[in-house]
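Visitor: I would like to go through this model with you, from the overall fold down to individual residues. Could you show it first?

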Amino acid sequence: QVQLVESGGGLVQAGGSLRLSCAASGGTARNYGMGWFRQAPGKEREFVATIGTIRFSGSRSRYADSVKGRFTISRDDAKNTVTLQMSNLKPEDTSVYYCAATTYYDGSLSVNSYNYWGQGTQVTVSS
């Protein structure tokens, strides 16, 4: 069973950048499809980005339309980490960001496909 811990959230002005990291332990990260999701107050958790395993999808990445061109997801299986580089941040990006891992649904955009979750890290973008 893998444990996920996010870091790197904070307060940033619109147009700024943040880098979120997710450290995986208790399992081998290369065996899991990894994703980032976010949830704003009063809203459902939504997909942000995913990166597949090297084995099954060649580390293919996919993005929500709202972040495409601004966010980049990457993985370092040697370090058991996944990173979300966020640029040109907007106030509507303000949310709690969650790292997630899926055992069976490599590259999925669905919240329900992910069976391991971190505790989340707050990202606040001021206008």
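Guide: The conversation below moves from the chain as a whole to its core, its aromatic rings and some single residues.

Visitor: What kind of model is this, and how are residues numbered?
Guide: This is a predicted model, in which local features need pLDDT of at least 70, side-chain atom pairs count only at pLDDT 80 or more, and totals for chains, interfaces and linings use all residues. Residues are numbered from 1 along each chain as its sequence is written, and side-chain values use heavy atoms, with hydrogens and water left out.

Visitor: Which secondary structure does the protein chain have?
Guide: The protein chain has one helix and 11 strands. Their order from the N terminus is β-β-β-β-β-α-β-β-β-β-β-β. Helices (H or I, at least four residues) and strands (E, at least two) are DSSP runs, numbered from the N terminus.

Visitor: How does its radius of gyration fit a compact globule?
Guide: The value is 13 Å, which agrees with the figure near 14 Å for a compact globule with 127 residues. The radius is taken over C-alpha atoms, and the globule rule is 2.2 Å times the number of residues to the power 0.38. Along the principal axes, the C-alpha trace spans about 40 × 25 × 25 Å.

Visitor: And the surface?
Guide: The accessible surface comes to about 6,600 Å², with 45% of it belonging to carbon and sulfur atoms. Such areas come from the Shrake-Rupley method with a 1.4 Å probe; for residues, only the protein chains shown count as cover. Buried residues make up 44% of the 127 residues. Buried means under 20% relative accessible area, exposed over 50%, and partly exposed in between (1.4 Å probe, protein chains only).

Visitor: Which residues have the most contacts inside the largest nonpolar core?
Guide: They are Leu4, Met34, Trp36, Leu84, Met86 and Tyr97, in a core of 33 residues. S4 and S9 are among the strands that each supply at least two residues of this core, as are strand S3 (18-25) and strand S11 (121-126). A nonpolar core is a set of buried Ala, Val, Leu, Ile, Met, Phe, Trp, Tyr and Cys residues joined through side-chain atoms within 4.5 Å. In soluble globular proteins, nonpolar side chains tend to be buried together.

Visitor: Let us take methionine 34. Is it buried or exposed?
Guide: Methionine 34 is buried, with a relative accessible area of 2%, and is found in strand S4. Leaving aside neighbours within four places in sequence, its contacts include Leu4, Ala49, Ile73, Val82 and Tyr114. Contact means heavy atoms within 4.5 Å. The C-alpha atoms of methionine 34 and alanine 49 are 8.6 Å apart, with their positions 15 residues apart along the chain.

Visitor: Now the rings. How many aromatic pairs are there?
Guide: The structure holds six aromatic pairs. One of them is edge-to-face and joins phenylalanine 37 to tyrosine 114, at 5.0 Å centre to centre and 75° between the planes. This pair links distant parts of the chain, 77 residues apart: phenylalanine 37 lies in strand S4 (residues 33-39), and tyrosine 114 in the loop between strand S9 (95-102) and strand S10 (116-117). Rings of Phe, Tyr and Trp (its six-membered ring) pair if their centres lie within 6.5 Å; planes under 30 degrees apart count as stacked, over 60 as edge-to-face and the rest as tilted.

Visitor: How accessible are those two residues?
Guide: Phenylalanine 37 is buried, at a relative accessible area of 0%, and tyrosine 114 is buried at 5%. Ring pairs link Phe37 and Tyr114 with Phe47, Tyr98 and Trp117 into a cluster.

Visitor: Which rings does arginine 45 lie over?
Guide: The charged end of arginine 45 sits over the ring of tyrosine 98, 3.7 Å from its centre. Arginine 45 also lies over the face of tryptophan 117, at 4.8 Å from the ring centre. The criterion is NZ of Lys or CZ of Arg within 6 Å of the ring centre and within 35 degrees of the ring normal.

Visitor: Changing topic, where is leucine 11?
Guide: Leucine 11 is in strand S2 (residues 10-13) and is exposed, with a relative accessible area of 65%. Beyond neighbours within four places in sequence, leucine 11 is in contact with Thr124 and Ser126.

Visitor: And which value does phi take at serine 59?
Guide: Phi of serine 59 is near 60°, a positive value in a residue other than glycine. Serine 59 is in the loop between helix H1 (54-57) and strand S6 (61-63).
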